[in-house]
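Trainee: I should like to work through this model with you, one question at a time. Please give the reasoning before each result.

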Amino acid sequence: MSAPFNPESFVAKNVRDIPRSGIREFFDIVQSQKGVISLGVGEPDFVTPWHIREAAIYALEHGRTTYTSNLGLPKLREAIATMVEENFKVTYDPKTQIIITVGVSEALDIALRAIINPGDEIIYHEPCYVSYSPSVSLAHGIPVAVSCKPENNFAVTAEAIERAITPRTKALMLNFPTNPTGGTMTRTDLLKIADVCLRHNLLVLTDEIYSELTFEGEHTSIASLPGMRERTIFLHGFSKAYAMTGFRVGYACGPAELIEAMMRIHQYSMLCASIISQEAATEAILHGEPDTIEMRDQYRVRRNFIVNAFNQMGLTCHLPRGSFYAFPSIQSTGLASKEFAIRLLREHQVACVPGSAFGPSGEGFLRCCFATSLDQIQVAADRIAKFVKSLR
Ligand SMILES: Cc1ncc(COP(=O)(O)O)c(C=O)c1O
């Protein structure tokens, strides 16, 4: 008799060790409740602008249903090169230094897999997007978190990064404006971080997905700073700025050798991003800027309302200068963030994400996505205020 088959024993150890996303776990509860206002999921409430959807329809109508080159449609890479040069002041060769991916998610994954040898340490700032630490672990690297504080507007400091560096440190991951805090960086502070990277010979991965949703000040990418273009992989996509989450399209720009290494993984895993999405993305990048500006203006109005509402109800909330997330402190209530979020959902039907889902530094906070209508945000804010009052 052979031993009973145990499927779980076949799961690789580093996969078994990965926790389920704190957001997923939470949204399983949301599904089971009625009348819930969701400030949970981090995606635009706007439908993709019509001319972008039309470009996808046009591609289908004309039978554009094939694979593209592994790097992606040349016209899309050319449009990206032009936009990145104009808006971010960094020049890339569309033939060798840009790859189109299945969202920033894939770009991040293949960038990490392309650079990590087992045991390499990757520094990132926390609270952060849920996939950062698991993506490093899945690539057999060691994630090293540096925490960002509200008193510093959730920016990361060069000193904190330098303290975390060891002989095994290979790269630094940055995401400004940040999911979940809305933190941004000034050019002056980024220059200090660039100096650390140059002195310690670090590679930088910069996730620019919220850069167009910067409400105050000018966004600077670390890739544009002196000496940094050569040592930075610039990741960006269409999900947030153009409300295109379902199209699953993003890109990475960087030194040709690193893009080539990423392409080797991409060609055997994804092969290419969907041609229909690439056609839509081309239209977005060529003609979508006015839509982005209009959406950003609406997010700003909602941000001002929700931040003010939190501060008025006694939940201290710093002003997020970018992204579409507010990150109020709930420490004054005495509840842990998960308990607060679960009770808010069960007792008052508002879904927010506990800060702890974004790493231990997120404990004591709540992520509230304001990419939902102002009417809904107003009702949600009333309900949250009622809940907070009931705790006093
Ligand atoms: C910081 C950050 N990076 C990447 C992603 C994933 O983006 P995409 O839809 O392009 O895969 C998200 C999505 O929420 C995000 O917040």
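Trainee: In which loop does Pro 180 lie?

Mentor: This is a predicted model, and the answer is to be read accordingly. Pro 180 is joined to Asn 179 by a cis peptide bond, with omega at about 20°. The loop that holds Pro 180 is the one between β5 and α8.

Trainee: Which residue is joined to Pro 177 by a cis peptide bond?

Mentor: Pro 177 is found in the loop between β5 (169-174) and α8 (187-199). The omega of its cis peptide bond is about -10°, and the partner in that bond is Phe 176.

Trainee: What is the phi of Phe 154?

Mentor: Phe 154 belongs to the loop between β4 (142-147) and α7 (158-164). This residue is not a glycine, yet its phi is positive, at about 60°.

Trainee: Let us turn to the ligand. Which helix gives the largest share of the shell around the ligand?

Mentor: There are 13 residues around the ligand, and Val 104, Ser 105, Asp 207, Ser 239 and Lys 240 come nearest. By character, the shell divides into five nonpolar, five polar and three charged residues. The largest share, three residues, comes from residues 103-115, that is, from helix α5.

Trainee: How much of the area that the ligand exposes when taken alone does the protein bury?

Mentor: Consider the polar contacts beforehand: a polar backbone atom of Val 104 is 2.7 Å from an oxygen atom of the ligand. Side chains also take part, since a polar side-chain atom of Tyr 210 lies 2.7 Å from a ligand oxygen atom, and one of Arg 248 likewise lies 2.7 Å from an oxygen atom of the ligand. Taken alone, the ligand exposes 390 Å², and the share buried by the protein is 93%.

Trainee: Why is α5 described as roughly perpendicular to α9?

Mentor: The axes of α5 and helix α9 (residues 256-269) come within 9 Å and cross at roughly 115°. Angles of 65 to 115 degrees count as roughly perpendicular, and therefore α5 is roughly perpendicular to α9. As to hand, the crossing in which α5 passes α9 is right-handed. The value behind the description is thus the crossing angle of roughly 115°.

Trainee: Is the crossing of α12 and α13 left-handed or right-handed?

Mentor: Helix α12 (residues 337-348) and helix α13 (residues 374-390) have axes that come within 10 Å and cross at roughly 110°. That angle makes α12 roughly perpendicular to α13. The hand of the crossing of α12 and α13 is right-handed.

Technical notes
Residues are numbered from 1 along each chain as its sequence is written. This is a predicted model: local features need pLDDT of at least 70, side-chain atom pairs count only at pLDDT 80 or more; totals for chains, interfaces and linings use all residues. Side-chain values use heavy atoms; hydrogens and water are left out. A residue is near a molecule or strand if one of its heavy atoms lies within 4 Å of it. A polar contact is a pair of N or O atoms within 3.5 Å; within protein, one must be able to donate a hydrogen and the other to accept it, and residues adjacent in sequence count only if both atoms are side-chain atoms. Accessible areas come from the Shrake-Rupley method with a 1.4 Å probe; for residues, only the protein chains shown count as cover. Helices (H or I, at least four residues) and strands (E, at least two) are DSSP runs, numbered from the N terminus. Ala, Val, Leu, Ile, Met, Phe, Trp, Tyr, Cys and Pro count as nonpolar, Asp, Glu, Lys and Arg as charged, and the others, Gly among them, as polar. Axes are lines fitted to C-alpha atoms, for helices over the stretch in contact, and angles run from 0 to 180 degrees between N-to-C directions. Angles under 35 degrees count as roughly parallel, over 145 as roughly antiparallel, 65 to 115 as roughly perpendicular and the rest as oblique. A crossing is left-handed if the near helix is turned anticlockwise from the far one by less than a right angle, and right-handed if clockwise.
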